[in-house]
Every structure is written in C-alpha cells, then in structure tokens.
Amino acid sequence: MTRPILPAYIGLILMMSASGGQTNQKQTIPELWKHEHSAVPCGDSPIPGRRPANWDCAILARRQFSSLPPEAVVLRVESFPTREAAEPVATPASIVVEAVGKVWLLTFAKKAERSQGGQFVTEIGPMPIPSAPAYEMVVAEADLGPDINALPLQHKHSGPEIWYVFTGEQCVELPDRVVRARAGDGAFAPGDTPMTLKIMGTSKRDALFIVLHDPALPYTTHVDWQPKGTCQK
C-alpha cells in the first residue's frame with residue numbers, strides 16, 4: 001500500500017500561515033521529524049520564490065500549464081541579474097526563483113533553446129514525461145546535511161524529479177541504478193519510480209529540486225520499497 005506525502009525526500013506541508021510570513025522559528029528537518037514521525041516537512045515559503053535562511057527546505061513556487069513541446073523535453077537552467085530581467089522572458093512552462101544570492105529561470109523546453117538576456121547554465125535531460133491534459137511544475141530548495149540519511153525517505157513521484165545542485169553531493173538510489181550529482185551538476189529521475197536520497201560526505205548539500213507532474217495525480221507517494229544501500233558502495 002502507499003500513502004500520500006509531499007515532495008522528494010520531503011513530506012507534508014507545514015501547518016503554519018504563509019500569509020503571516022512567520023520565519024523567525026528555525027525549521028530543521030531532523031527536529032521536525034521527531035514531532036511529525038510520518039513525514040519530513042517542507043512547507044510553502046512565506047517569502048514567494050525564496051527559501052527563508054532558517055528553513056532546511058521550502059517550496060518556492062508552483063505553476064500549472066496546459067502543454068509541453070512535442071519533441072524531447074529538457075529543463076533549462078539560466079541565471080539573470082534581477083527578477084525584473086527574468087520575468088518578461090519566462091514562458092508558461094517557466095518559474096523564476098531566487099537561491100544562493102542569484103535569480104534563476106527554470107524552463108521546460110526543447111533542447112538548445114535560450115532565453116534573451118539570460119546566462120545559460122545547463123540543460124537537464126531529455127527526460128520522459130507522461131502525456132497529460134495539464135501539468136504542474138513545483139520548485140523547491142533544500143539545504144540538507146547527512147543527518148537526514150537515517151530517515152526513511154522512500155517515495156515516488158507521478159512525474160520526473162529534477163535536481164540542480166549548488167553545494168555538496170547527493171546520491172539518489174533507484175531500483176536499478178543510482179543517480180549521483182555534486183555542485184554544478186543537474187540530474188533527474190523518471191516518474192513513478194521508487195527512490196531514496198542520500199547526502200554524501202560530511203557537508204550539507206544545497207539544491208533546487210523540481211517535480212513536473214499531472215496535477216490530477218498524487219504528487220508524491222510514500223512507498224514500502226526497501227533500498228539496497230547502493231549509494232554507499
């Protein structure tokens with residue numbers, strides 16, 4: 001059996017008022033786990049498009065749209081000097097966020113396309129995306145240390161999950177392989193695939209993670225799959 005939770009290696013939305021902008025209380029995943037027990041909290045940021053500095057993880061933005069390019073799709077990562085420069089060139093399949101002191105434009109698009117005025121960083125993919133009547137793009141940032149590795153974070157998404165790593169190193173175990181990424185790398189895992197995250201080494205790993213899914217389907221689901229620990233091999 002499965003039970004719904006929220007995003008990759010994360011879980012239920014924090015029970016707090018985003019409208020109140022309450023960021024004074026530190027939100028650390030291991031401490032919150034002691035109280036939640038069944039899920040690792042990653043809440044909607046009270047600062048739209050940006051993670052509070054005292055939160056381990058925050059959902060930065062969500063966007064729904066109706067179509068994707070008919071050809072092979074990649075996630076294009078570009079940086080801009082300001083939000084005002086990025087927002088006019090965003091497409092319906094784009095989201096503008098802020099992280100590590102920069103403005104990022106994240107766009108699902110055809111390979112080799114570029115946005116005017118942006119600095120190209122990388123393309124992640126192409127990736128398989130199930131056909132759907134509509135899509136939701138969810139962008140989050142998580143700055144996590146290896147203390148989360150002891151938590152049971154097995155889950156799957158109804159669409160692909162994509163990472164762009166700012167600092168540190170991560171390994172995602174899938175049933176048939178591992179997907180590794182370190183600072184400056186992008187990576188992805190296909191939808192409907194059991195996975196679990198490991199932070200490698202002793203330092204924290206800061207990364208954006210993006211899930212593209214059919215909003216009519218569960219976004220993230222806990223699974224009773226037992227990883228083999230291949231990230232440590």
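**Entry 1: A72 and its surroundings**

I took contact to mean heavy atoms within 4.5 Å, and I kept in mind throughout that I was reading a predicted model. With that cut-off I looked up A72 and, leaving aside its neighbours within four places in sequence, I found it in contact with A109, K110, K111 and P126. I then noted where A72 sits, which is in the loop between β3 (57–65) and β4 (73–80). For P126 I looked up the separation as well: A72 and P126 are 54 residues apart in sequence, yet their C-alpha atoms lie 5.6 Å apart in space.

Is A72 buried, exposed or partly exposed? Its relative accessibility is 45%, so I entered A72 as partly exposed, since that class covers what falls between the limits of 20% and 50%.

**Entry 2: the whole protein**

I stepped back to the overall counts and wrote down two helices and 16 strands for the secondary structure. The protein has 233 residues, and 52% of them count as buried. The exposed area comes to about 10,600 Å², of which carbon and sulfur atoms supply 52%. Turning to contacts with a separation of 6 or more, I found that residues 24 or more positions apart account for 77% of them.

**Entry 3: an open sheet**

Which strands form the open sheet, and in what order? I traced six of them, in the order β2-β3-β8-β15-β10-β13, and recorded the pairing as mixed. At the edges stand β2 (43–44) and β13 (186–189); each has a single partner strand, so one side of each is left without a neighbour in the sheet.

Before going through the pairs, I reminded myself that strands of a sheet pair through backbone hydrogen bonds, either parallel or antiparallel. I began at the β2 edge, where β2 and β3 pair in the parallel sense over two bridges, and I noted D44 standing opposite I59 in β3. The next pair, β3 with strand β8 (residues 135–144), is antiparallel and has eight bridges; here R62 has V138 in β8 as its bridge partner. Further along the sheet, strand β10 (residues 161–167) and strand β15 (residues 205–213) run antiparallel and are joined by six bridges, with Y164 having L208 in β15 as its bridge partner.

**Entry 4: salt bridges**

How many salt bridges does the structure hold? I recorded 15, and I looked at several of them together with the accessibility of their partners.

The salt bridge between E78 and R76 has its closest N and O atoms 3.2 Å apart. E78 counts as buried because its relative accessibility is 1%, and R76 also counts as buried, at 3%.

The salt bridge between E113 and K110 has its closest N and O atoms 4.0 Å apart. With a relative accessible area of 32%, E113 is partly exposed, and K110, at 29%, is partly exposed too. K110 had already appeared in my notes among the contacts of A72.

The salt bridge between R114 and E123 has its closest N and O atoms 3.1 Å apart, and here the partners fall into two classes: R114 is partly exposed at 44%, whereas E123 is buried at 17%. I also noted that R51, E141, D143, K204 and D206 are joined into one network by salt bridges that share partners.

**Entry 5: nonpolar cores**

Which residues of the largest nonpolar core touch the most other members? The core has 28 residues, and the ones I wrote down are L75, L106, F108 and M137. Elements giving two or more residues to this core are β3, β4, β5 (94–99), β6 (102–110), β7 (119–127), β8, β10 and β15. The largest share, four residues, comes from β3.

I then followed L75 by itself and, not counting residues up to four places away in sequence, found that it touches L106, T107, F108, T122, E123, I124, M127, M137, I162 and I210. E123 in that list is the residue I had met in the salt bridge with R114. Apart from the largest core lies another core, of 25 residues, and I noted C42, L174, I199 and Y219 among them.

Notes. Residues numbered from 1 in each chain as written. Predicted model: local features only at pLDDT ≥ 70, side-chain atom pairs only at ≥ 80, totals over all residues. Heavy atoms only, no water. Pairing = 2+ DSSP bridges. Buried < 20%, exposed > 50% of the residue type's maximum accessible area, 1.4 Å probe, protein only. Areas by Shrake-Rupley, 256 points an atom, 1.4 Å probe, with all protein chains shown as cover. Salt bridge = Lys/Arg side-chain N within 4 Å of Asp/Glu carboxyl O. Core = buried A, V, L, I, M, F, W, Y, C linked by side-chain atoms within 4.5 Å.
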